[in-house]
Amino acid sequence: MPQNKTIPKTKGEFLLGNLRQMKANPFQALCDWRRDYGDLVSFRLAVRHFYLISHPKLIEQALIKQSDIFVKMYDPKKPTGLALVLGQGLVTSQGELWQRQRRLMQPVFQRSNLASLLPQIVTAGNNLLARWRLLGDGAEVNLADEMMQVTLEVITQTMFSTSVLDKIEHIAPALDTLLRYAAKSVMNPLRIPSFIPTQANREFNAASAVVDNVIYGIIGQRRAQPAAHNDLLDMLLNASDDNGELMSDKQVRDEVITIFTAGHETTANLLTWTLYLLARHPDVLAKLRQELDTLLHGKIPTAEDLRQFVYTRAVLNESMRLRPPVGIMMRKIIKDTEINGYSLKQGRLAIFSIYNIHHHPDFWPQPERFDPERFLSDENRRFSFMPFGTGERVCIGNHFALLESQLLLSMIVQHFDLQLLDTDEAEIEMAVTLKPMGGVPAKLVVRSRHH
């Protein structure tokens, strides 16, 4: 194999590079560049240089074989991107801190522990269905908002066994503001520092205060009245390292907000896209209902039932392939290296596009088609399908997310028909996660129980 093949560069403006394109529509830009330049392409946003990587083999070489060179880009003194919101939580931290926190939190997310969380997920699901029934047959809702609310309730009940539902109407929009700001900060190196009171900065700082107040409030309340809750928050507050040191409130806050954000936004998007896709593909919906009706006869699924959901899982997998809740992963290259005969330079940022890989025509025939049948075969898709990332930093909550999604999806689909109010295809917007622009307005139709 010839060494040092040249990496194609995107065409851009002299000083700004591709900044204009990226600001206009980051999602579209990353799709277009893969189509026009291939699986590895370099682009520039003003002074910052990036590589866009969209092939399973390149991912394996970078994230598995060279995970010590492609690292999370956390600098506590100059946080950018998600670190602005999540601090040194599990998603952003690296090295020893990351390893310690990951080891500590692992037990909460172990499969054996997850079944014990089912009742709380069921409660949140029932609350959603009850709310919909009250709205009445034919009511109009935005599915994106509804899914945000139900997953937020799940996360507060399961991880913090305290419901912050009374504060939810403040938390959800605040988190949204924070994540959008974080996404823009990575893509725009010319950002104004957050202490300068521009409107965006004022909104960011206000949203941070809202979220911090709630979370430090929960921490303070729990430290003051330490009853055993056996939830994630208990573990975080009681965990000590080898020297018997407890985590600081700031570290606990970073982990709580990480789980909060990573745990509800992504699952909400998965459910929203899945309901949207099912509404557009009645044949798939009919098949899904056949499985649910046969297995459940209208009752709420148990852990045992969930294990038998074959088609339901295929539907969720195909939804995550077509519309992966997290569209990209980002790493910093800490020394010159090469992958597949291409040299990559130290100090540049690598963007791995999960979306592009999930739509790669070499791995997915008719990639734009919604076809759950693809997941009924036991093909090995180790790097061509990675909705939860890959390598040692694979998502800690992946089993939890799938359990929650299967349960909530089965509860919704058994009881309601959802009719989309907009016949056009939903546009994709990328603000850290991939979401339908403007949500998914739908009409609720109560499903009759004649079957």
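**Exercise 1. Work out how much space lies in the largest cavity, and what lines it.**

*Solution.* Start with the volume: the largest cavity holds about 80 Å³ of space. Keep in mind that we're working with a predicted model here. The structure has three cavities of 30 Å³ or more.

Next, walk around the wall. The lining is made up of Leu275, Leu278, Ala279, Leu285, Arg289, Ile412, Val413, Phe416, Asp417 and Leu418.

Now map that wall onto elements. At least two lining residues each come from α12 (249–280), α13 (282–296), α17 (398–415) and β9 (416–420).

Last, sort by class: eight of the lining residues are nonpolar, none is polar and two are charged.

**Exercise 2. Do the same for the second largest cavity: which residues line it, and how do they divide by class?**

*Solution.* Volume comes first again, with about 50 Å³ of space in the second largest cavity. Around that space sit Phe27, Leu30, Cys31, Gly327, Ile328, Ser353, Tyr355, Asn356, Met430 and Leu434.

Two elements, α2 (26–37) and α16 (354–358), give two or more residues to this lining. The largest share, three residues, belongs to α2.

As for class, count seven nonpolar, three polar and no charged residues.

**Exercise 3. Take Leu30 and find out which residues it is in contact with, leaving aside neighbours within four places in sequence.**

*Solution.* You've already met Leu30 in the lining of the second largest cavity. Its contacts beyond those neighbours are Met22, Phe43, Leu52, Ile328, Ile351, Asn356 and Met430. Compare with the cavity wall: Ile328, Asn356 and Met430 turn up there too.

Then zoom out to the core. Leu30 belongs to the largest nonpolar core, which has 116 residues, and is among the members that touch the most others, along with Phe43, Trp132, Met147, Met159, Leu232 and Phe400. The largest share of this core, 13 residues, is supplied by α12. Another core lies apart from it, with 21 residues, including Ile7, Tyr51, Met329 and Met386.

**Exercise 4. Lay out the five-stranded open sheet: what is the strand order, and which strands sit at the edges?**

*Solution.* Write down the order, β1-β2-β8-β5-β3, and note that the pairing is mixed. The ends are β1 (40–45) and β3 (70–71), each pairing on one side only.

Now pick out one pair from the middle of that order. β5 (residues 328–333) and β8 (residues 349–353) run antiparallel, joined over five bridges. For one concrete bridge, look at Arg331, whose partner in β8 is Ala350.

Methods:
Residues are numbered from 1 along each chain as its sequence is written. This is a predicted model: local features need pLDDT of at least 70, side-chain atom pairs count only at pLDDT 80 or more; totals for chains, interfaces and linings use all residues. Side-chain values use heavy atoms; hydrogens and water are left out. On a 1 Å grid over the protein atoms alone, a cavity is a set of points where a 1.4 Å probe fits but cannot get out, and a pocket is an open set with protein on both sides within 12 Å along at least five of seven lines; lining residues have an atom within 4 Å of a point. Grid points are joined across faces, edges and corners, and a volume is the space filled by probe spheres set on the points. Helices (H or I, at least four residues) and strands (E, at least two) are DSSP runs, numbered from the N terminus. Ala, Val, Leu, Ile, Met, Phe, Trp, Tyr, Cys and Pro count as nonpolar, Asp, Glu, Lys and Arg as charged, and the others, Gly among them, as polar. A nonpolar core is a set of buried Ala, Val, Leu, Ile, Met, Phe, Trp, Tyr and Cys residues joined through side-chain atoms within 4.5 Å. Buried means under 20% relative accessible area, exposed over 50%, partly exposed in between (1.4 Å probe, protein chains only). Contact means heavy atoms within 4.5 Å. Two strands pair if DSSP finds at least two bridges between them.
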